[in-house]
Amino acid sequence: MRYFDKVRKTIKELHGIRCDFCKRYIFKTDSFELQEIIQITHSCGYASIFGDGNEIHLDICQHCLKRILKNNKIKIKDILIENQI
Ligand SMILES: [Zn+2]
């Protein structure tokens, strides 16, 4: 038989995310915008220009990502149209 103590714990709950480009704050209640945030986490390797062992953390809203992709002429596939062909 197992015996347990009752304990209170404090947990961290997401309140919102700030886009690292436009600095717009997206509240957790804005679920449609929140679900489109792109999060990049990268551990830099030996030859990295950012420094061996450093980490990059980035949150980008969908508006900034679209602007970055468009400015660099990176194509966004329209899956609905592509599946109809
Ligand atoms: Zn943004």
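This is a tour of one chain, stop by stop, with what to select and what is there.

**Before you start**

The model is predicted: local features need pLDDT of at least 70, side-chain atom pairs count only at pLDDT 80 or more, and totals for chains, interfaces and linings use all residues. Residue numbers start from 1 along each chain as its sequence is written.

**Whole chain**

Show the chain as a cartoon. Three helices and four strands are present; here helices (H or I, at least four residues) and strands (E, at least two) are DSSP runs, numbered from the N terminus. In sequence order the pattern is β-β-α-β-β-α-α.

Now look at the overall dimensions. Along the principal axes, the C-alpha atoms of the chain fill a box of roughly 60 × 40 × 30 Å. The chain has a radius of gyration of 20 Å, whereas a compact globule of 85 residues would have one near 12 Å. That radius is taken over C-alpha atoms, and the globule rule is 2.2 Å times the number of residues to the power 0.38.

Of the 85 residues, 5% count as buried. A residue is buried if 20 or more other C-beta atoms lie within 10 Å of its own, exposed if 12 or fewer, and partly exposed in between, with C-beta atoms placed from the backbone. Among contacts between residues at least 6 apart in sequence, 35% join residues at least 24 apart. Two residues are in contact if their C-beta atoms, placed from the backbone, lie within 7 Å.

**Strands β3 and β4**

Select residues 38–43, which form strand β3. How many of its six residues are buried? The count is zero, and the strand is hardly covered.

Add residues 55–60, strand β4. The two strands run antiparallel and are joined by six bridges; strands pair if DSSP finds at least two bridges between them. In a regular strand the side chains alternate between the two faces of the sheet.

Within this pair, pick Thr 41 and find His 57 opposite in β4. His 57 counts as exposed because it has 9 C-beta neighbours inside 10 Å. Next, select Asp 20: its C-alpha is 9.4 Å from that of His 57, and the two residues are 37 apart in sequence.

Stay in strand β4 and move to Asp 59. Asp 59 is partly exposed, because 16 other C-beta atoms lie within 10 Å. Leaving aside neighbours within four places in sequence, Asp 59 is in contact with Ile 17, Arg 18, Cys 19, Asp 20, Ile 37 and Gln 39. For a long distance, draw a line from the C-alpha of Asp 59 to that of Val 7: the separation is 34 Å, for residues 52 apart along the chain.

**The loop between β3 and β4**

Select Asp 52, which is in this loop. With 10 other C-beta atoms within 10 Å, Asp 52 is exposed. Beyond four places in sequence, Asp 52 is in contact with Cys 44, Gly 45 and Tyr 46. Leu 69 is 17 residues from Asp 52 along the chain, and their C-alpha atoms are separated by 27 Å.

**Helix α2**

Colour residues 62–71, helix α2, and select Cys 64 within that helix. Is Cys 64 partly exposed or buried? Cys 64 is partly exposed, because 18 other C-beta atoms lie within 10 Å.

Which residues does Cys 64 touch, not counting those up to four places away in sequence? They are Cys 19, Phe 21 and Cys 22. For Cys 19, the C-alpha to C-alpha distance from Cys 64 is 8.3 Å, with their positions 45 residues apart in sequence counted as the separation.

**Two lysines with positive phi**

Most residues other than glycine have a negative phi, and most peptide bonds are trans. Select Lys 23, in the loop between β1 (16–18) and β2 (25–27). Lys 23 is not a glycine, yet has a positive phi of about 70°. Lys 23 is exposed, because it has 9 C-beta neighbours inside 10 Å.

Finish at Lys 73, in the loop between α2 and α3 (79–84). Lys 73 has a positive phi of about 55°, although not a glycine. With 6 C-beta neighbours inside 10 Å, Lys 73 also counts as exposed.
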